[in-house]
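Me: Could you walk me through how the helices pack and how the chains meet in this one?

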Amino acid sequence: MSIRLHEIGKHFGRTQALEPIDLDIAEGELVGLLGPSGSGKTTLLRIIAGLETADNVAGARILFGERDVTHLHVRDRRIGFVFQHYALFRHMTVFDNVAFGLTVMPRKSRPSSGEIRSRVHRLLEMVKLEHMAHRYPAQLSGGQQQRVSLARALALRPDVLLLDEPFGALDAKVRQELRRWLRHLHDELNFTSLFVTHDQEEALELSDRVVVMSNGRIEQIDTPDELYRHPANRFVFEFLGDVNHLEGTVRNGVLTCGDARLAVDLEDGPEELLLRPHELELAPSATQHAHLPVCVTAISPVGAEVRVELEADWLGEPWLATVSHADYERLHLTRGTRLYAVPRRWHRFPDERREQAAPLPVAVS
Amino acid sequence: MSSRIFAIGLGSTPKRVLPGFGLSLGISLTFVSLMLLLPMTGLFGQLAGLSLAEYWAIVTNERVVASYVVTIGAAAVAAVVNAAFGLLLAWVLVRYTFPGKRLLDALMDLPFALPTAVAGITLATLYSSNGWMGQLLEPLGLQVAYTWVGIALAMSFTSIPFVVRTVQPVLEDMPNEMDEAALTLGASDFTGFRRVILPHLWPALVTGTGLAFVRSLGEFGAIIFIAGNMPYETEITALMIFVRLQEYDYAGASAIASVVLFVSLALLLAINVWQGRFIKRLHGGHG
Amino acid sequence: MQRIGDGIAVRRLLIGAAVVLAALFLLLPLVAIFAQAFARGIDVFWANVTNHYTLAAIQLTLFIAVLTIPVCLVFGVALAWLVTRFRFPGRRILQTLIDIPFAVSPVVAGLVYLLLYGRTGWLGSWLDGHDIQLMFAWPGILLVTIFVTCPFVARELIPLMQAQGSREEEAAVTLGAPGWTIFRRVTLPNIRWALLYGVILTNARAVGEFGAVSVVSGAIRGQTNTLPLHLEQLYQDYNTVGAFASASLLALIALLTLVAKAGLEWRAARREVHP
């Protein structure tokens, strides 16, 4: 079932939490809502669920397929909602939690108790928790609780599955596992899913398309690949990964900043360039185009790549470069090594004035 | 259906997600209006019949003023005693384990659970000259029953849980690191208590003592039996209201009641405001 | 672990002081009640308890408590649901208003009811014209008892329901549960012990209220005397044993209240450790 939003905005008192937003999600899509906290992503999700009411303006509409649900109560929207901290009924067993939605159906449409039992068991099998059916939520680990929460949301066979920071409270390893598992489940059952996250890695890995939000606005909607390659603006660029800044003045095709120089094909005037850590190369000597002397201040050789922190007089904030282990050994990098940074490419967002730029996103693991 | 309950008034009419807004609002407002606010109209109606001079004459009547002095004085003494005793009890209950601790803890709620009249006749009997305690204390020259000491004692009995139950949770939530930090910095027990623990407990202690004081000002049942009720000497203000009522002097009773009512509500408000300020200071403004 | 005041001497001194003072100040009165009640033996005690007027007072007291509890229960639950599950203008004021009965002297509480519903009050005189008398009769006692006990249930529920938040109820809504089902199957199981404790406190205060009731009851022996008023009369008549016989019944209810509270707290603590 597709989801279509038209002119959906939200005020809390006088503050605008969400600017009027249009959004189309196709049937069967898995879409991530990504943004820093306070960007309005959770508000948007709760409005789609019906847990929050959008501002009552003439054009505001929410459509599930052809069904207008704008003024429909949560109860009648046929959504599955997975809460950030699971919101399991703590006085009920796992079985009763999953069965709840079925047992509260009106008597006429309610399945028989035998049918309920087999359906719940099938769901528990699916989330691999058959053996936990008679435990209470407090006796389960976080990951298990989240799976119960998912099974509970799926019990009513919702048209739309909405997940609020589904893996936010879990540790990194469990999160990885559940992510993969959710992707499989989604592909298998083929419902339309929308999830909220502040973790760019999670959004990029899991989603068919990502909606990047900040300050109650949609900044960009694209596939993970497009998003990373062609960020629509500075905010998206900065939010999707580590960024190094180079500020200086261009004159005759050379950007100068202290004793650093970089050949650029730009008009004269002040400029700010943005560089990704993996787009920096480290070399023992300067090149014809780039003279960016730096000093290594920290090295973290853990992982597929080596992360190197660089400082220089002409730099306001330290730079981060990622180099291969082979390069790391070849260059004999240690703390204090002096060498030259050579950008392979750089980015700029000249239309946006500095003060318009969104604040730096919170560092995300 | 209850799923379509709309909020009343004020700008937009958001649909409530959870059910029962209208029903619970209706019940609450009806109850508060009928049971709490409507009866107050009777009091104000009665007061409206008095001229300012008449009102002033009633509330500054010599015997009534004497009752204020007795009530406030005894309540103040009871509050101070309770602050110390309550702090001791809370401290012992939180910090130490010893046999009978659970019993002691349960005993703290006795004054709330025991009807005030029962407390009243029991204290009066215990501290009368041939009572268990009276027999012991009177040879020492300490007369409790039928003096203001008895009034303070009864007040202290009925209001001690306020202090204990306000301080106890705060002391429980106090992290051990605060103690340890004080000790590693070389503080003695006494200094550590005075400089580290007491400031932490202070808001709760003042709040609890304040509540105990307010309760003591209004207490009636526990006091009248032990007080002796001698005009000008051991008559409390609540009893003055009662006396005026028995004389069918409704206007007089109302005037004195309005003073008691005003003072207790003002004190309660002051405690709330004060507490709010402290909560903000300790928890960074989200209180 | 070494903390302030953990030294053995300080520790013993403080525990000793607390236990001795508490025993003298709190336990001794409790013992005295029963000692006095049984001072002339069990037969006299029994005769006092089964005395016609005492039985009438017991009956009236229980009657009032039985009527008070459901009213306070419905109000308390409604108010707690309202202020913890919805935001609306005036929410804080409503929460403050319910503290009034705690701050108001019981005598003043009785007085305001007497002024309103008594023959001289505007509502009372109208009722009098229709031959309805509330004051100096059981309805008056019921009204003031409800007044002084109404905050207990709400005060127990509000902090708990605030701490629990409405996430579970929201989850139930997304699963299609209708309103009453949400309350019965999701909210109620989470608050039942606090609710029970609120009821126990309400009951303890309802059977024991003295100041407010003595203003509006008229204290007619065998008719409008509640147990606390009855024991006051006996005490004023120098029937100490009789007074304490009645007092011991009330003290017993108080003791049961303490036991129930300790039991509920123990249960809550155990659930925290082994959920």
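Reply: Sure, starting with a convention: axes are lines fitted to C-alpha atoms, for helices over the stretch in contact, and angles run from 0 to 180 degrees between N-to-C directions. Helices (H or I, at least four residues) and strands (E, at least two) are DSSP runs, numbered from the N terminus. This is a predicted model, where local features need pLDDT of at least 70 and side-chain atom pairs count only at pLDDT 80 or more, while totals for chains, interfaces and linings use all residues. Residues are numbered from 1 along each chain as its sequence is written, and chains are lettered from A and ligands numbered from 1 in the order in which they are written.

Me: At what angle do H3(B) and H10(B) pack?

Reply: H3 covers residues 62–95 of chain B and H10 covers residues 189–218. Their axes lie 9 Å apart, and the angle is about 145 degrees.

Me: How many charged residues does the contact of H3(B) with H10(B) have?

Reply: Contact here means C-beta atoms, placed from the backbone, within 7 Å. Residues of H3(B) including Ala75(B), Ala79(B) and Gly86(B) meet residues of H10(B), among them Gly208(B), Ala212(B) and Phe213(B). For classes, Ala, Val, Leu, Ile, Met, Phe, Trp, Tyr, Cys and Pro count as nonpolar, Asp, Glu, Lys and Arg as charged, and the others, Gly among them, as polar. By that split the H3(B)–H10(B) contact has nine nonpolar residues, six polar and, for charged, none.

Me: How are H2(A) and H4(A) oriented to each other?

Reply: H2 (residues 94–103) and H4 (residues 142–154) of chain A have axes 7 Å apart, at an angle of about 25 degrees. Angles under 35 degrees count as roughly parallel, over 145 as roughly antiparallel, 65 to 115 as roughly perpendicular and the rest as oblique. H2(A) and H4(A) are therefore roughly parallel.

Me: Which helix gives the largest share of the side of chain C that touches chain B?

Reply: The contact takes 79 residues from chain B and 80 from chain C. On the chain C side, 18 residues, the largest share, come from one helix, residues 8–37: H1 of chain C.

Me: What percentage of the residues in chain C is buried?

Reply: Chain C has 14 helices and zero strands. A residue is buried if 20 or more other C-beta atoms lie within 10 Å of its own, exposed if 12 or fewer, and partly exposed in between, with C-beta atoms placed from the backbone. Of the 275 residues in chain C, the buried portion is 49%.

Definitions and conventions. Contact = placed C-beta atoms within 7 Å.
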